[in-house]
Amino acid sequence: GRKLLMIPGPIEFEPEVLHAMGRATSSHVAPDFIESFGTCIELMREVWRSPKGQPFIVAGTGTLAMDMAAANLIEKDDRVLVISTGYFGKRYKDIIDRYGAKTTILEANVGEVVDLDAIEIELKNNAYKALTLTHVDTSTGVRVDPEPIAKLAQKYNCLSILDGVCSVAGEEIKQDDWGIDVVLTGSQKAIGVPPGLALLVASEKAIQVWENRKTSVGSYYSDWNNWLPIIKAYEERRPSYFGTPPVNLIVALETSLKIIQKEGMETRVKRHRELARAFRAGLAALKFDFLPKSNEISANTLTAAYYPEGVDGSALLAKLSKDGIILAGGLLPELKTSYFRIGHMGSVSSNDLIAVLSSLERALIELGHPVKAGEGLQAFQHELLTKN
Ligand code: PMP
C-alpha cells in the first residue's frame, strides 16, 4: 500500500520532482541541461540568501559536502574548533582529523547547545582557522542559532562552516548577513530531491582562504580547482566537463528549487515553524518528552522524542509501519532504543502530521499507554488555530 515516509531524510518528494527524475537523461553538455544547471546555481544563492556566495553542486551525499569543505579549507596543523550537538558534530571532527588538523571539540550535553561564552573563550585563547557547527543535529533534534557563533568567528578571524544538511530550505538561514563561510547540505532533506547531491555555498572569504593555501588539496574529487571552472561555465551557460554530473538529479533540483522559490523562503520557514510547534504540542499532550531541552532550541525540520515509560519503542514503530507510516529510531548510540525521530520538512503538510498523530494515538492505546484518542490531535489543532 501507499506509505508515508516521515523520517528526517529522505523525505516525501513533490510529484513534479519525481517526474523530473524520470525524464530521459540528456547529455550533460546539451543546451537544455546547461540551462537547468545554471538555474540551480542561481536559485541556490536565493535559498541560502547568499547573493555573493559561490555554489557547488556535486554528485555525492551530505557527508561529501562536509568533506569537500574540509578538504579545501583545512590544511595540516590548522586549528579547528568543532561545536557539537550530537552525532553529526562528532562526524565533522572525524572528517577534519583526516586532514591533519589540530581539532578541539566542544560537546553539548544531549538536548542542549554549547554555551556561547565557552566558544568565545576558545576562540580568544587559540588562533583557530575555522569552526564547524551543526545547524540542526538530526540525532537530537537540537537547533543551534548560527548567527551569534558566526559573528564570534568573524570577530576572531576564524572561518565558519555550517552543516545545514537538516536545515537548508527548512530553517531560517541568511548566509551573507550572518557572515557564514560555508553552508552545506544534501539533496534528500528540506531541499526536496532524492539522495545523491552534495550542495554547498562558499563565501568570498572562503574562496580567498582556499586560493591562499600553502599545500595542494589532498582529495582529487573534492578539489575546488576541478569544480570551480565547471560551475562557472554552467552559470555562464557554457558546456563544460570534469566528472559527469548526475543529470536527472540536477533537473530534479531545478524543479524543487523553483517550487521553493514560488513558495518563498520566508513563507516556507514559517510553515515549518508552525507545523513543528503544533506537532510538538500534539506529542506533549500524549505525554512525550523531547530530547531538546526547550522549544527555543527545537528544530523545525524534525522532532526527537523519548518513548513514554513502559512503552516498547520497537513495537510502537512497528505499529505505525503497519499503518504505512515510516518513522526513524534513535541515532545516538547511548540512547538508541529510548527515543525516536519524526521528520517534518520539505513538502510536509498538516495532513501528514495529523496522520502521524492519529496513528500514534491508536498505537499507544493498544500498547497500554494511558492516553485518550484525540488528545494529541486536539492539541495539534489548537496550536495551529492559535499560531502567532
Ligand atoms: N549532517 C547532518 C546534520 C545530517 O542530518 C546528515 C544526514 N542525516 C549528514 C550530515 C550526512 O548526510 P548524508 O547522509 O547525506 O551523507
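**Aromatic pairs and a one-sided helix**

In this predicted model, Trp227 and Phe242 are both buried. Their rings meet edge-to-face, with 4.9 Å from centre to centre and 90 degrees between the planes. The pair links distant parts of the chain, since Trp227 belongs to helix α9 (residues 224-235) while Phe242 sits in the loop between α9 and α10 (247-263), 15 residues apart. Two tyrosines join the picture here: Tyr220 and Tyr221 form one aromatic cluster together with Trp227 and Phe242.

A pair of aromatic rings is described by the distance of the centres and the angle of the planes. Across the structure there are 11 aromatic pairs. One of them is formed by Tyr87 and Phe88, again edge-to-face, at 4.9 Å centre to centre and with 75 degrees between the planes. Tyr87 is partly exposed, having a relative accessible area of 29%. Phe88, by contrast, has a relative accessible area of 18% and counts as buried, because the cut-off for that label is under 20%.

Helix α8 offers another view of the interior. Within this helix (residues 204-211), Ala206, Ile207 and Trp210 are buried. Looking down the axis of α8, the buried residues fall within an arc of 100 degrees, so they line one face of the helix. An α-helix has 3.6 residues a turn, so residues three or four places apart point the same way. The cover over the buried residues of α8 includes the strands β2 (54-59), β8 (159-163), β9 (182-186) and β10 (197-202), along with the helices α3 (62-73) and α9. Helix α9 is also where Trp227 of the aromatic pair is found.

Conventions
Residues are numbered from 1 along each chain as its sequence is written. This is a predicted model: local features need pLDDT of at least 70, side-chain atom pairs count only at pLDDT 80 or more; totals for chains, interfaces and linings use all residues. Side-chain values use heavy atoms; hydrogens and water are left out. Rings of Phe, Tyr and Trp (its six-membered ring) pair if their centres lie within 6.5 Å; planes under 30 degrees apart count as stacked, over 60 as edge-to-face and the rest as tilted. Buried means under 20% relative accessible area, exposed over 50%, partly exposed in between (1.4 Å probe, protein chains only). Helices (H or I, at least four residues) and strands (E, at least two) are DSSP runs, numbered from the N terminus. The arc is that of the directions from the helix axis to the C-beta atoms. Contact means heavy atoms within 4.5 Å.
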